[in-house]
Structure formats: structure tokens, C-alpha cells
Amino acid sequence: MRLKLKNLWAPLVATMGLLIFFEIISSTLFPIVGIQNYRLPFHILIVLYLGFRLETPYLSLLILLLQYIHSLFSIEGWALGTVAGVLICMLCTYLKELLDFSSKMSTIFLTFLFQSLWFLIQGVLLYLTMDDWGYVAEKFWRFLPESFILSILSPFVFGILDFLWRSVGYNGSLEEEV
């Protein structure tokens with residue numbers, strides 16, 4: 001099996017464009033309508049999609065790139081998100097055969113479950129960095145509605161990402177037989 005990098009670049013650029021679009025919506029339109037304390041972290045959905053669907057040794061680099069693009073729109077640390085994303089994607093790789101995305105409800109549930117795990121990992125890392133559970137608790141109460149909304153949007157966003165990755169011949173794996 002050999003990875004063809006030419007299959008990776010076009011959908012990755014399109015995915016980064018989608019992330020930038022979502023980040024602009026989340027950081028500009030939400031404050032205009034009065035939603036200032038909440039920002040939907042679409043980067044988490046994109047990283048979860050990559051973890052659920054792709055089998056590539058470059059996954060950690062893709063996560064780093066997406067987290068770095070997210071950091072252009074946020075003051076949150078991209079390093080903690082990258083560590084959390086890589087750990088979540090490793091878990092997705094081990095559980096890939098058990099995960100079922102055949103229905104919208106299962107997609108919503110699994111997305112909420114993995115977002116909660118993402119928050120748990122990032123919360124522990126934040127606590128180790130700041131030694132303050134108060135900040136982590138404050139982030140948790142903002143995380144709940146954001147995560148619930150993102151989980152409901154996940155089948156729609158995953159559908160868009162499926163279209164972007166299938167448009168260049170993606171068939172569930174970026175690896176091809178030699």
C-alpha cells in the first residue's frame with residue numbers, strides 16, 4: 001500500500017476553505033446578532049471527520065494544520081487542540097470498526113461523545129497548564145450548548161465533507177494498492 005499525496009491536496013485545500021468560511025461566520029456574524037460568548041468550534045467537527053474517515057499516516061499533520069488555521073481566528077491555544085485532536089483520532093482509529101454512522105442519530109450521538117472526550121482531554125491539559133479549575137468549569141458551561149448545536153449540525157457538515165473528499169476519488173482510505 002502506498003499513499004498518493006496528489007489525492008490529499010485538493011480536498012485538503014477545500015476543507016481548509018470550508019474551515020475558514022465557518023470561522024468567519026462564527027467570529028463575525030455571531031457577535032453582530034448579539035452572540036458574543038459562544039463560538040461554534042467547527043474545527044473540532046472537521047478533525048473528528050478526518051479521524052472517523054481517513055486512514056493516512058499524515059493525519060496528525062492535517063490536524064496541526066487545521067488547528068493552526070483555527071488559531072488565526074481564536075486566542076485559544078492551537079497546541080492543546082492539536083494534542084487533543086491527535087489523541088481523539090488515535091482512539092477513532094482503534095474503534096473505527098465499532099463506530100456506526102448509518103443514521104443521523106448515531107452520527108449526532110457519536111459526535112457529541114467524541115466532543116465531550118475532546119473537552120475532557122483539553123480541560124485536563126488546561127488545568128495542568130493553569131492550575132485553575134474555575135476556568136475549566138467556565139469553559140465547560142459554554143461547551144455544553146456549543147457541543148449540542150455542533151452535534152445536531154454534524155450530519156450536514158459531514159455530508160459536505162464527504163462531497164469534498166469524494167470529488168477526487170476518495171473511497172474511505174487515501175491508500176491505494178501498488
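This is a short walk through the helices of one protein chain, taken from a predicted model.

I'll start with the overall layout. The protein chain has 178 residues, and 43% of them count as buried. Its secondary structure consists of 6 helices and 2 strands. Reading from the N terminus, the order is β-α-α-α-α-α-α-β. On contacts, take those with a separation of 6 or more: 76% of them join residues 24 or more positions apart.

Now helix 2, residues 42 to 53. How many of the 12 residues of helix 2 are buried? The count is 11, so helix 2 is largely enclosed by the rest of the structure. The buried ones are Phe42, His43, Ile44, Leu45, Ile46, Val47, Leu48, Tyr49, Leu50, Gly51 and Phe52. What covers them includes helix 1, helix 3, helix 4, helix 5 and helix 6. As for length, helix 2 reaches 17 Å between its first and last C-alpha, close to the 16 Å expected at 1.5 Å a residue.

Next is helix 4, and here the burial pattern takes another form. Its buried residues are Gly81, Thr82, Ala84, Gly85, Ile88, Cys89 and Cys92. They cover an arc of only 165 degrees around the axis, which puts them on the same side of helix 4. The background for that is simple. An α-helix has 3.6 residues a turn, so residues three or four places apart point the same way. Helix 2, helix 3 and helix 5 are included in what covers the buried residues of helix 4. The length of helix 4 also checks out: its 18 residues should span 26 Å at 1.5 Å a residue, and the end C-alpha atoms are 25 Å apart, which agrees.

That brings me to the pairing of helix 3 with helix 4. Two packed helices are described by the angle between their axes and the distance between the axes. Helix 3, residues 59-71, and helix 4, residues 78-95, pack at about 145 degrees, and their axes are 9 Å apart. The crossing is right-handed. Which residues meet there? From helix 3 they are Leu59, Ser60, Ile63, Leu64, Gln67, Tyr68 and Ser71. From helix 4 they are Trp78, Gly81, Thr82, Gly85, Val86 and Cys89. By type, this contact has 7 nonpolar residues, 6 polar and no charged. Gly81, Thr82, Gly85 and Cys89 also appear among the buried residues of helix 4.

Helix 5 covers residues 104-130. Its 27 residues reach 38 Å from first C-alpha to last, close to the expected 39 Å at 1.5 Å a residue. Just after helix 5, Asp131 takes a positive phi of about 55 degrees.

Last, two residues of helix 6, which runs from 133 to 166. One is Lys139. Is Lys139 buried or exposed? Its relative accessibility is 17%, and the cut-off for buried is under 20%, so Lys139 counts as buried. Apart from neighbours within four places in sequence, Lys139 is in contact with Glu76, Phe119 and Leu126.

The other is Phe156, also in helix 6. Phe156 is exposed, with a relative accessible area of 55%, against a cut-off of over 50%. Phe156 and Lys104 are 52 residues apart in sequence, while their C-alpha atoms are 9.1 Å apart in space.

So in helix 6 we have a lysine that counts as buried and a phenylalanine that is exposed.

Key
Residues numbered from 1 in each chain as written. Predicted model: local features only at pLDDT ≥ 70, side-chain atom pairs only at ≥ 80, totals over all residues. Heavy atoms only, no water. Axes fitted to C-alpha atoms, helices over the stretch in contact; angles between N-to-C directions. Helix = DSSP H or I, 4+ residues; strand = E, 2+ residues; numbered from the N terminus. Left-handed = near helix turned anticlockwise from the far one by under 90°. Contact = heavy atoms within 4.5 Å. Nonpolar A, V, L, I, M, F, W, Y, C, P; charged D, E, K, R; others polar. Expected span 1.5 Å × (residues − 1). Buried < 20%, exposed > 50% of the residue type's maximum accessible area, 1.4 Å probe, protein only. Arc of directions from axis to C-beta.
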